[in-house]
Amino acid sequence: MSAAESNGFSFISDSYYENFLESLAQIVSKLLTDQETEAVLTSIRSFQEKLRRLSSRNLQRLNLEITASEKERPSLCRHVGKTCTQNCTRGFIKAFGVAFIVKYIVGILPSLLTGKITKKPAILKQMAGSSFISAYKGVLCAMRHFRKSHDKDSDKLNAFVAGCVAGLALAFDRDRRRRQSVMLYLLTRAIQFNGAWFMKQWSLRRKEKHPGEIKWDDHLAKFLQKYSGVAVMMIANAQLIYAFLFNHDTLPNSFYAFLLTHGGFKKNFGRMAGPVTEMVGSTVNQILEDHSPIMIPEGVSTRDFYFRNVSPNIGSLIPSKLHHKYILCAVQHPFHESCTGDKLGLFTDELLRSAKLYVPLNIIMLIVFRSKQFMLDPKHVGQKFILSCFRSCLFLTMYVVIGLATPCWLRRLFNREAPWFYAATGAVAGSMIVIEASARHLELALYCLPRAMESLWKTGIKNGWVKNVPHGDILLFMASMGSLMTLYQNEKDTISSHYLGVMTRFFGQN
Ligand SMILES: [Zn+2]
Ligand SMILES: [Zn+2]
């Protein structure tokens with residue numbers, strides 16, 4: 001039995017808040033910041049603002065000015081007022097402290113929120129993170145002095161190599177599971193920001209090709225930018241929901257538990273929640289293999305059918321009068337004959353569950369990031385807070401309800417069963433992201449993407465399509481880190497401001 005299941009009926013599992021590592025990282029990055037770093041951040045933000053307003057010609061001039069002012073400075077490095085050694089050691093101490101705090105918060109937060117303190121966080125495994133940052137800074141300075149690179153383009157290679165070498169620090173981490181999730185997280189970010197870099201280059205090329213004109217490729221770019229989050233969300237969730245029902249061993253435990261709880265399975269079936277989702281997958285496979293009918297014969301009650309063919313344990317819980325038309329409807333929602341009735345109940349249940357999930361988290365974020373604004377204008381900030389909570393709850397609720405309704409519709413429409421119904425379920429559920437504020441589309445999609453990639457890879461290994469590469473996770477981590485740090489040092493505007501803030505607080509000016 002998985003760790004998530006062994007928690008039984010408890011509403012929030014201990015690993016639950018692992019799903020919100022990102023918000024935690026943001027909060028923690030606030031802790032280690034100082035005036036100097038915040039000043040850098042403000043200047044970057046105003047610079048990005050300026051960039052948006054400037055035309056491309058002005059942009060070139062601005063670039064020239066920046067390069068000129070950089071040339072006046074004799075130093076190769078950009079960590080003003082600190083020697084290379086100071087820059088590295090300070091980074092190490094700062095990061096060590098922060099790694100400690102992150103670990104502590106991740107360990108303690110669920111207990112604080114649920115009011116039961118059971119878990120003592122393990123301490124002193126933070127070497128990986130801290131040595132990573134100082135190794136990066138050290139190699140970067142060394143490369144600069146060795147190659148004497150004064151221009152920006154050759155500094156890109158320095159940052160890439162420094163990022164890759166520092167990425168080796170991941171090998172220190174003995175926990176394979178954590179190593180993999182860190183790697184997948186950074187790989188996703190590397191894909192995201194390289195995508196932004198590509199879009200930026202494309203936009204410059206378009207402006208060169210037809211200056212002042214708006215053509216079809218501009219519309220295409222705009223469309224891609226607007227709907228990339230929705231598309232990624234749909235693709236990622238197609239894999240995730242399919243895996244949830246057919247290969248749940250390829251999903252991380254915390255995420256599997258999240259789906260079991262929010263899909264209503266935990267509430268309906270308690271400890272049997274996991275086995276019931278497995279039954280959906282195995283029953284579909286069985287029907288396809290045996291070419292057996294997809295309906296429960298007339299005159300046979302759902303209870304009798306369950307008893308004989310599915311699970312006597314659950315069968316005994318079903319009222320004897322019920323008769324479901326489809327076998328899979330009976331497996332999915334045994335306690336409701338009507339698909340619509342089941343979904344209405346699910347809607348109210350899930351709205352409550354998602355409120356329990358989002359409201360505490362949003363309150364923490366409000367306190368940490370908006371407390372000043374809240375004091376100044378409580379009415380406006382309060383309204384925004386309520387609206388954003390409501391939107392998030394509605395999104396998660398519709399994700400679950402419309403998602404679970406999809407296979408019910410599809411089997412009526414096609415009058416058969418097919419595994420792709422359940423991938424379509426994920427895609428349809430994922431498309432509910434349009435309910436959320438558009439700024440959050442890509443964020444949520446990129447939260448799902450690494451989990452989907454991991455699950456797809458594991459399914460591939462299980463079925464023998466692919467083979468594990470020794471130390472592949474470390475190699476991928478090195479490559480992601482290399483390309484991320486290249487962008488961080490040289491193309492800051494391709495990194496979205498939220499992450500740029502977090503990265504600047506961790507890595508500072510180099
Ligand atoms: Zn230096
Ligand atoms: Zn149904």
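**Close-up 1. Surroundings of Arg 411 in helix H17 of the predicted model.** Arg 411 has 23 C-beta neighbours inside 10 Å and therefore counts as buried, the threshold being 20 or more. The residue belongs to helix H17, which spans residues 378-414. When neighbours within four places in sequence are left aside, Arg 411 is in contact with Ile 294, Tyr 326, Leu 328, Glu 417 and Phe 421. One of these partners, Phe 421, is 10 residues away along the chain, and its C-alpha atom is separated from that of Arg 411 by 8.0 Å.

**Close-up 2. Packing of helix H9 against helix H18.** Helix H9 (residues 216-246) and helix H18 (residues 420-431) pack with their axes 6 Å apart and at an angle of about 140 degrees, and the two helices are therefore oblique to each other. The crossing in which H9 passes H18 is right-handed. On the H9 side, the contact includes Val 230, Met 233, Met 234, Asn 237, Ile 241, Tyr 242, Leu 245 and Phe 246, while among the residues that they meet in H18 are Tyr 422, Ala 423, Gly 426, Ala 427 and Gly 430. The residues of this contact divide into 14 nonpolar and six polar, with no charged residue.

**Close-up 3. Packing of helix H8 against helix H9.** Helix H8 (residues 176-209) packs with H9 at an angle of about 160 degrees, the axes lying 11 Å apart, and H8 and H9 are therefore roughly antiparallel to each other. H8 passes H9 in a left-handed crossing. Met 199, Trp 202, Ser 203 and Arg 206 in H8 meet Asp 217, Asp 218, Ala 221 and Gln 225 in H9. By class, the residues of the contact of H8 with H9 comprise three nonpolar, two polar and three charged.

**Close-up 4. Helix H21 and the residue Gly 508.** Within helix H21, which covers residues 497-507, the buried residues are Leu 500, Gly 501, Thr 504, Arg 505 and Phe 506. An α-helix has 3.6 residues a turn, so residues three or four places apart point the same way. Just after H21, Gly 508 adopts a positive phi of about 65 degrees.

**Overview. The protein from which the close-ups are taken has 21 helices and zero strands.** Of the 510 residues in the protein, 34% are buried. Among contacts between residues at least 6 apart in sequence, 76% join residues at least 24 apart.

Methods
Residues numbered from 1 in each chain as written. Chains lettered and ligands numbered in written order. Predicted model: local features only at pLDDT ≥ 70, side-chain atom pairs only at ≥ 80, totals over all residues. Axes fitted to C-alpha atoms, helices over the stretch in contact; angles between N-to-C directions. Helix = DSSP H or I, 4+ residues; strand = E, 2+ residues; numbered from the N terminus. Parallel < 35°, antiparallel > 145°, perpendicular 65-115°, else oblique. Left-handed = near helix turned anticlockwise from the far one by under 90°. Contact = placed C-beta atoms within 7 Å. Nonpolar A, V, L, I, M, F, W, Y, C, P; charged D, E, K, R; others polar. Buried ≥ 20, exposed ≤ 12 C-beta atoms within 10 Å, placed from the backbone.
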